[in-house]
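Subject: Structure for your review

Dear colleague,

Please find the structure below, together with its sequence. My notes on what was found in it follow.

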Amino acid sequence: MLHNAAMIASLAERIGIKKGDPLIPKRLHMKGREEIATAHAVASAVRHLSEREAAFTATDLAKASLDFGLPTTMKSVEKRIGQLAQQGALLRGRGAQKGWLTTSNALALETRMLAEIEKGNGAVQAILNADTAGPYLHASAAINYGMKLNAGQEAAGRLILSSTNRVVAVQGVAGAGKSSVLQPLNQLLEEHGKRVIGLGVQNTLVRMLEKDTGIPSMTLHRFLGQNRKLLDGSAGKGEMAAARDEYRDTILVLDEASMVSTRDQDRLIRLANLLKVDRLVLMGDEKQLGAVEAGKPFALAQRAGTETARMDHNLRARSDTLKKAQQAAQSGKTSDALDHLKNHIVEVQEESAIVAAERWLSLPPAERERTSVFAAGRRLRSEINTAVQTGLAANEEIGPASARLTVLSRVNTTREELRYARNYQPGMVLEVASRQSRHRLGRGSHEIAAVDTEKGVVTLRDERGHLRRFVPARLSAKGNDQTLQLFEQKDLDLYTGDAIRWTASDHKRGMINADRATVTAIDQEGITVTSSSGMEHKLKPNDAMLKRIDLAYALNAHMAQGLTADKGIAVLDSRERRLLSQRNFLVTITRLRDELTLIVDSRDKVGRGIATNLGEKSSAAETTERLGTAAAKGVRAGQIQSTNHDRQAEHEKAAELVKERIKPFEIGL
């Protein structure tokens, strides 16, 4: 009996079962081996799916439970899912969401976020009253920037200036001139003693925001990190007072808000309330790409009645064909959008990446600068990068000096997957962002030397060559998913003249994740690159940043959102069904001003794939149909500012309110 208890305790330890976990039954040590395994398999599947989505189907949960490879059966898994639903740890979907599940934690997080928004209602003073805000904004735009604002832009500015609610939203379609209106708005706010800070989810978006608006900006991750103690409650009264003093008379503007997870938007809104900032502006387009992590808080906030201004007129497209195609895509009419582009669609059964590269390479150098290349996912992007580099090298446009590097390519794993030894392979690299004392892992790179899946043990070799025994199952189920990251190693050939992008940051030296650079020299002493801002970096052969490089000739949709080009070549493959979605397609097609060439394996199959995959993120509140009351309350309060009163102005054929640069986009990727 003691032997069995010890064996079960050993199994529980090995598969990471913790006391007090709501997903794990009490007194589990008294259960049989299969019941222990089933409980852990379902718990792992819930954590794994919940990291990326707020809700999921019962079928997906059952499949994910079995995929973790523990000794259980479908019957046992379904029984355990039912138990969790009965206990309230899992919540069943209602109405149209029948067959879906969410977690009580996901619903609690969304509920808290919406409560924090409501807490800020009526909590701040208007900077200008609604009657004068519009005229002041128009005057600032005309006098300082030579701009004429349309009705949607005026509505956005008027809301930000005159609202008495701390949190407001600006919902604007792609190309509506959201960034443009921030220029005169920033000027006006500064004249009234206010400071504006821009926030973005990616370094490239932060740089574009600063460049286009003149607003000092930083990543959301950095801003939250700087104020971590306020959020976790460890800041003292003095620290809180100092922080509030620092952010007095401050307006925070979150750009591309649709790309932010519920967890991060909740933290941002809580922080805005704690700091008592004058305004937090959530600005984006709910129809574009969502966060990689769980939730769709920007859309959720609007549905719950957050005070919102709408900008529905796309000013970006300059050609009639692209205007019509973008409008159709924005309305979800994929077939119509493809019909408008029919003379710009190229069907190729195989080697679509090579065809895309050929088309770009055949352009004169000046046209290449105006033309960006988009790929649906990582595989196609890598193939296009390699094909373009091959063509440039063959034509002696890059080189002759070259070097072969071993670089790191991130493995797409959730934190829960990192708790299973079977997801590690010899030759991979585990990057540790901060010391993990419990696991005796120091900060830095650890190469996977060996994996024993039966015992659940991974042997790591650190940068000094020392071996460490690592048991992934002992990782906490909760924690920062950025602390540990798993990478594959791959060879990358570089030539002088190559366009590259960083895949990590070295802030001290000004090398920023996703920023572009050009290789200017390769010799025995290392590699020299020049960044997009003109900074020169000489990297010695052992420089860690030489492992964090990739080619930058092609982009995927997540890299492209928020950016603009004159022309584009996009590659879509019907076989990559998960990547074919209305949101991906919308982001791709709305990046451009003048022309888009689509390269597809089959127009019909690609069209069907896009039309049937909305690419929607899920919400716990929507799954459980608990938004009805909140939405009705918002409508009754009449909070949503409509621009319908001035539709005539919306249809003016005004140019996009930026100083147009025929030079193409500088994307920094």
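Residues 1–5 have a pLDDT that stays under 50, and the model shows zero contacts for them beyond four places in sequence. This is a predicted model, and a second stretch calls for the same caution: over residues 634–669 pLDDT also stays under 50. For residues 634–669, however, the model has 84 contacts beyond four places in sequence. Where pLDDT is low, the predicted coordinates should not be read in detail. As for the protein chain as a whole, pLDDT averages 87, and 90% of the residues score at least 70.

I turn next to the packing of helices. Two packed helices are described by the angle between their axes and the distance between the axes.

Helix α3 and helix α4 have axes that come within 10 Å and cross at roughly 125°. Angles from 115 to 145 degrees count as oblique, and α3 and α4 are therefore oblique to each other. Their crossing is right-handed. On the α3 side the contact involves A58, L61, A62, S65 and L66, which meet M74, V77 and I81 of α4. By class, the contact of α3 with α4 consists of seven nonpolar residues, one polar residue and no charged residue.

Helix α6 (residues 130–145) and helix α7 (residues 151–162) also cross at roughly 125°, with axes that come within 9 Å. That angle makes α6 oblique to α7. The crossing of α6 past α7 is right-handed. From α6, the residues A130, A133, G134, L137 and H138 make the contact, and from α7 the residues Q153, E154, G157, R158, L161 and S162. Here the contact of α6 with α7 holds four nonpolar, five polar and two charged residues.

Helix α7 meets a further helix, α8 (residues 178–191): the axes of α7 and α8 come within 10 Å and cross at roughly 35°. This crossing of α7 and α8 is right-handed. In α7 the residues concerned are Q153, G157, I160 and L161, and in α8 they are S180, V181, L185, L188 and L189. The contact of α7 with α8 is made up of six nonpolar and three polar residues, with no charged ones.

Several features lie in loops. A search of the whole structure finds four aromatic pairs. One of them is formed by F68 and Y420, which are tilted, with 4.7 Å centre to centre and 40° between the planes. This pair links distant parts of the chain, 352 residues apart: F68 is in the loop between α3 (58–67) and α4 (74–87), and Y420 is in the loop between β12 (402–410) and β13 (429–432).

Two backbone details may also be of interest. Most residues other than glycine have a negative phi, and most peptide bonds are trans. The peptide bond from G399 to P400, by contrast, is cis, with omega near 5°. P400 is placed in the loop between α19 (378–394) and β12. D249 has a positive phi, near 60°, although this residue is not a glycine. The loop that holds D249 runs between α12 (237–246) and β7 (250–254).

Lastly, D506 is found in the loop between β18 (499–502) and β19 (516–523). Leaving aside residues up to four places away in sequence, D506 touches M511 and M545. D506 and M545 are 39 residues apart in sequence, with 7.8 Å between their C-alpha atoms.

With kind regards

Technical notes:
Residues numbered from 1 in each chain as written. Predicted model: local features only at pLDDT ≥ 70, side-chain atom pairs only at ≥ 80, totals over all residues. Heavy atoms only, no water. Axes fitted to C-alpha atoms, helices over the stretch in contact; angles between N-to-C directions. Helix = DSSP H or I, 4+ residues; strand = E, 2+ residues; numbered from the N terminus. Parallel < 35°, antiparallel > 145°, perpendicular 65-115°, else oblique. Left-handed = near helix turned anticlockwise from the far one by under 90°. Contact = heavy atoms within 4.5 Å. Nonpolar A, V, L, I, M, F, W, Y, C, P; charged D, E, K, R; others polar. pLDDT = per-residue confidence, 0-100. Phe/Tyr/Trp six-rings, centres within 6.5 Å; stacked < 30°, edge-to-face > 60°.
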